[in-house]
Amino acid sequence: MSYNNAEDLFFEADRLIDEQNIIEAKDLLNEILEDYPDYAKAHNHLGWIYHYKIPDYTKAEMHYKLALKYAKNYHAPYSNYSYFLIDKSDFEGMIAFGFKALKEDIVDKGIIYNQLAKAYELTSRLELAYTYYKKAKMSSIAANYIQEMNASLHRVKEKMNILQKIKFVFK
């Protein structure tokens, strides 16, 4: 199989996912990996399939990690793995991963900041959550995403005690 053929098969698998033909897509992605075990896009899509469509967190994590290993200039596994870590309640893992991911030029920093904020919020470190939601907001230009960050900032502020709120007023 040539690399161009692998790309063609990948786009076919992507189309199958869009059409909700998940099993066929999974089989096609595995076929790609038989010839190209370092094909990050196929690993990322398999991670997503096992994360959301055929829940198997062990396989999802394996494929996301392989996608990250081989990613080079492919941003999607960084975002997808961050969502995965939050979904499996590995908040400390998300924090460690988030700071590592932020060092990469290709990542969507707004998404990583948002996921860091969620990890801090879900571990009751509200001041850090607030700080990272603000960073997520400032790293985005999408109006709906900014509205989501405003809602998150409001939610976290409502959870804070009076001393935490006062601290942010004077920052």
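**An all-helical predicted chain**

Colleagues, let me begin at the end of one helix: α5 is followed by S89, whose phi is positive, near 60°. Most residues other than glycine have a negative phi, and most peptide bonds are trans. Helices and strands here are DSSP runs, H or I over at least four residues for a helix and E over at least two for a strand, numbered from the N terminus.

The model is a predicted one, in which local features need pLDDT of at least 70 and side-chain atom pairs count only at pLDDT 80 or more, while totals for chains, interfaces and linings use all residues. Residues are numbered from 1 along each chain as its sequence is written, and side-chain values use heavy atoms, with hydrogens and water left out.

First, the chain as a whole. It holds ten helices and zero strands, and its C-alpha trace spans about 60 × 30 × 30 Å along the principal axes. Of the 171 residues, 46% are buried; buried means under 20% relative accessible area, exposed over 50%, and partly exposed in between, with a 1.4 Å probe and protein chains only. The accessible surface comes to about 9400 Å², and 53% of that surface belongs to carbon and sulfur atoms. Such areas are from the Shrake-Rupley method with a 1.4 Å probe, and for residues only the protein chains shown count as cover. Among contacts between residues at least 6 apart in sequence, 49% join residues at least 24 apart, a contact being heavy atoms within 4.5 Å.

Now to α5 itself, residues 76–87. Its twelve residues reach 17 Å from the first C-alpha to the last, close to the 16 Å expected at 1.5 Å a residue; the expected span is 1.5 Å times one less than the number of residues. How enclosed is this helix by the rest of the structure? Ten of the twelve residues of α5 are buried, so the helix is largely enclosed. Among these buried residues are Y78, N80, Y81, F84 and L85. Their cover includes α3, α4 (57–70), α6 (91–101) and α7.

The helix before it, α4, agrees with expectation: its 14 residues should span 20 Å at 1.5 Å a residue, and its end C-alpha atoms are 20 Å apart. A60, E61, H63, Y64, A67 and L68 are its buried residues, and they pack against α2 (22–35), α3, α5 and α6. Just after α4 comes K72, with a positive phi of about 50°. K72 sits in the loop between α4 and α5 and counts as exposed because its relative accessibility is 64%.

Helix α3 also has 14 residues, reaching 19 Å where 20 Å is expected at 1.5 Å a residue. It is mostly covered, with ten of its 14 residues buried; the buried residues include H43, N44, H45, Y50 and H51. I would draw your attention to N44, which is in α3 (residues 40–53). N44 counts as buried because its relative accessibility is 2%. Which residues does N44 contact, leaving aside its neighbours within four places in sequence? They are H63, Y64, A67, Y74, A76, P77 and N80. Of these partners, H63, Y64 and A67 are buried residues of α4, and A76, P77 and N80 are buried residues of α5.

I turn next to the nonpolar core, a set of buried Ala, Val, Leu, Ile, Met, Phe, Trp, Tyr and Cys residues joined through side-chain atoms within 4.5 Å. The largest has 55 residues, and L29, I32, Y39, M94, F97, I112 and L116 touch the most other members. Helix α7 (residues 109–122) gives the most to this core, with seven residues. Beyond its neighbours within four places in sequence, I112 is in contact with Y78, S82, M94, F97, G98, A101, L102 and V107.

After α7, in the loop leading to α8 (126–138), we find S124. Its phi is positive, near 60°, in a residue other than glycine, and S124 is exposed, with a relative accessible area of 60%.

Finally, the surface. I162, L163 and I166 form a nonpolar patch with about 330 Å² of accessible area together. Patches are made of residues with over 30% relative accessible area and no salt bridge, like charges being joined within 9 Å and nonpolar side chains (Val, Leu, Ile, Met, Phe, Trp, Tyr) within 5 Å. A salt bridge is a side-chain nitrogen of Lys or Arg within 4 Å of a carboxyl oxygen of Asp or Glu. I166 belongs to helix α10 (residues 162–169) and is partly exposed, with a relative accessible area of 40%.
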